[in-house]
Amino acid sequence: MHITGRLAAAVIGCRLLSALSSSRLRSTMAEPVVFNKPKIELHVHLDGAIRVQTILDVAERRGITLPGKTVEEMTSVIIVKEPATLTKFLGKFAEYMHVIAGDREAIKRIAYEFVEDKAKEGVIYVEVRYSPHFLANTKVDPIPWQQEEGDLSPDEVVRLVNEGLRQGERAFNIKARSILCCMRHMPSWSMDIIELCKTYRHQGVVAIDLAGDESLNCEAFPGHRMAYEEAVRCGIHRTVHAGEVGPPSVVKEAVEVLKAERVGHGYRTLQDQALYKQLLAQNMHFEICPISSKLTGACDPDFTKHPVITFRNDQANYSLNTDDPLIFNSTLNLDYNTAHKYMGFTEEEFKRLNIKSAESCFLPEEEKRELLQKLYKAYGMTRSTVF
C-alpha cells in the first residue's frame, strides 16, 4: 500500500527485522548484497520513494513546518516499523505529501532523485507509478492535502515527472518509464488518467494502473471500467492492484473485466486454486513486494510462509519490488536479502525472475529485446540457456 496504492477517501477528506527499525541508510549499509547483478523493478511508487532530505529541503524553501527538523527525526515520524493498520499507514503520507504537492521544482526533483537511487541499487530498468492528481493543485476535485487552489494541473505534473525521469536516465545510465494510477475511490479521475496516458505514451508513460480500496469494485464504479476499455482500444498497457488485501474475486475482475496484463501484489490469488492455475497457464505476471506485504499486514508476518514461495516453486511469472521504500525504510536490496535469507531464494531464481520481469515489462518490443539482451549478457547466458 502507498498513497497511490491504498489512499482511500479517508486521506482525502509481527514485527519486522531489527534492521527495519534503523535508518534507511544504516539498513542499506548493514544488509549484504545477495544479488549484485542488474535488476528490473516494476512496482514502486514515486510518492512512496522520496528522500527524507528532499522533504526537509522543500519544506524549508516553502516555509512549511514539519514534525521533525532532521533526517533522523523525520524518518522516525514517517516510517512504519511494525505491521500497521490501513489508517495508520495512510497517515504517514499526510506527514509529508503536502510539502511536495503543487510545487514544480520539488516534483521534478523527486523524479530525478528516484532514478539516481534506483541506479545505485543496480536497477537498469524501472517502471515507477503515481497519481498525477495527488501532486496537482488545480483541475482536480477535490484538491488533495488541503492545498489552496493553485496553477499546477495533473497534465503538468506528468510533464514535470517525465522531465525529471529523462534527466535521471541521462545522468545515471538507467531506463525509467512511468505508470499513471487511477484511484478506486475517485472514479471521476479515471478518464483523465487514460487521456494523460494517451497524450504522453511516446514521452515515457507506458501504462495505466488502478489502486486503492479493493472493496470498491468496478461494477459499482463504471468510470474505471470505461478507462480500461479505452486503454484496451488504444493499446495502452494495463496493470491493477488486486489480491493484496482483497479476495481472489478482485483479481478475477482485474483480469477478466479490466483486461489487466499484470497484477499488483496478487497474494490472495492463492485462495482460489482454479483462478491461480488459470493465471499460471496464462503466464500472468505478479508484482510481488515482500517487505511491503509484511508491514501493511497483507501477508503472514512470518516470511517463511510468504505466498511468493509458492510462486517460486510453481515457476510463476513474478518480480520482486519495493512498493514504498520511504515508508518501509527499505531498499530493493533488502527485499532480495529477505527472499534469500527467509525464503530460500538462489542466484539462479533471482536471474529467472528478472528475466521474467523484463519479458513482462511495458516497453515496446524492440526495446524489450534490447533489455533482455543486457540481462543475458550480464548473467552470462544466451537465449537458448534461459530457463
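I will talk through three helices and a set of salt bridges in this structure, which is a predicted model.

Let me begin with helix 13, which covers residues 273-281 and in which L275, Y276 and L279 are buried. If you look down the axis of helix 13, those buried residues fall within an arc of 100 degrees, so they line one face of the helix. On the other side of helix 13 you will find A274, K277 and A281, which are exposed. What do the buried residues of helix 13 pack against? They pack against helix 12, at residues 248-256, against strand 7, at 285-288, and against helix 15, at 307-313. As you follow the chain onwards, helix 13 is followed by N283, and the phi of N283 is positive, near 60 degrees.

From there I would like to go to S293, a residue of helix 14, which runs over residues 290-295. Is S293 buried or exposed? S293 has a relative accessible area of 0%, and because buried means under 20%, S293 counts as buried. If we leave aside the neighbours within four places in sequence, S293 is in contact with Y267, A298, C299 and H306.

Next comes helix 18, residues 347-360, where a check of the length can be made: at 1.5 Å a residue, its 14 residues should span 20 Å, and the end C-alpha atoms are indeed 20 Å apart, which agrees. Eleven of those 14 residues are buried, so helix 18 is largely enclosed by the rest of the structure. When you look through the buried residues of helix 18, please note that they include charged side chains as well as others, among them E349, K351, R352 and K356, alongside F350, L353 and I355.

That brings me to the salt bridges, of which the structure holds 35, and I will take you through a few of them. K118 forms one with E121, and here the closest N and O atoms are 2.9 Å apart. How accessible are the two partners? K118, at 3% relative accessibility, counts as buried, and E121, at 15%, counts as buried too.

In helix 9, which spans residues 154-172, E156 and R159 lie three residues apart, about one turn of the helix, and their side chains meet in a salt bridge at 2.9 Å, N to O. For this pair the accessibility is divided, in that E156 is buried, with a relative accessible area of 16%, whereas R159 is partly exposed, with 32%.

Helix 10, at residues 190-199, holds a pair with that spacing as well, since E195 and K198 lie three residues apart, about one turn of the helix. E195 forms a salt bridge with K198, and the closest N and O atoms of this pair are 3.1 Å apart. Here E195 is partly exposed, with a relative accessible area of 36%, and K198, at 25% relative accessibility, counts as partly exposed.

Finally, which residues are linked in a network of salt bridges? The network links R51, D57, R109, E113, E116, D117 and K120, and I suggest we bring those side chains up on the screen for the discussion.

Notes
Residues are numbered from 1 along each chain as its sequence is written. This is a predicted model: local features need pLDDT of at least 70, side-chain atom pairs count only at pLDDT 80 or more; totals for chains, interfaces and linings use all residues. Side-chain values use heavy atoms; hydrogens and water are left out. Buried means under 20% relative accessible area, exposed over 50%, partly exposed in between (1.4 Å probe, protein chains only). Helices (H or I, at least four residues) and strands (E, at least two) are DSSP runs, numbered from the N terminus. The arc is that of the directions from the helix axis to the C-beta atoms. Contact means heavy atoms within 4.5 Å. The expected span of a helix is 1.5 Å times one less than its number of residues. A salt bridge is a side-chain nitrogen of Lys or Arg within 4 Å of a carboxyl oxygen of Asp or Glu.
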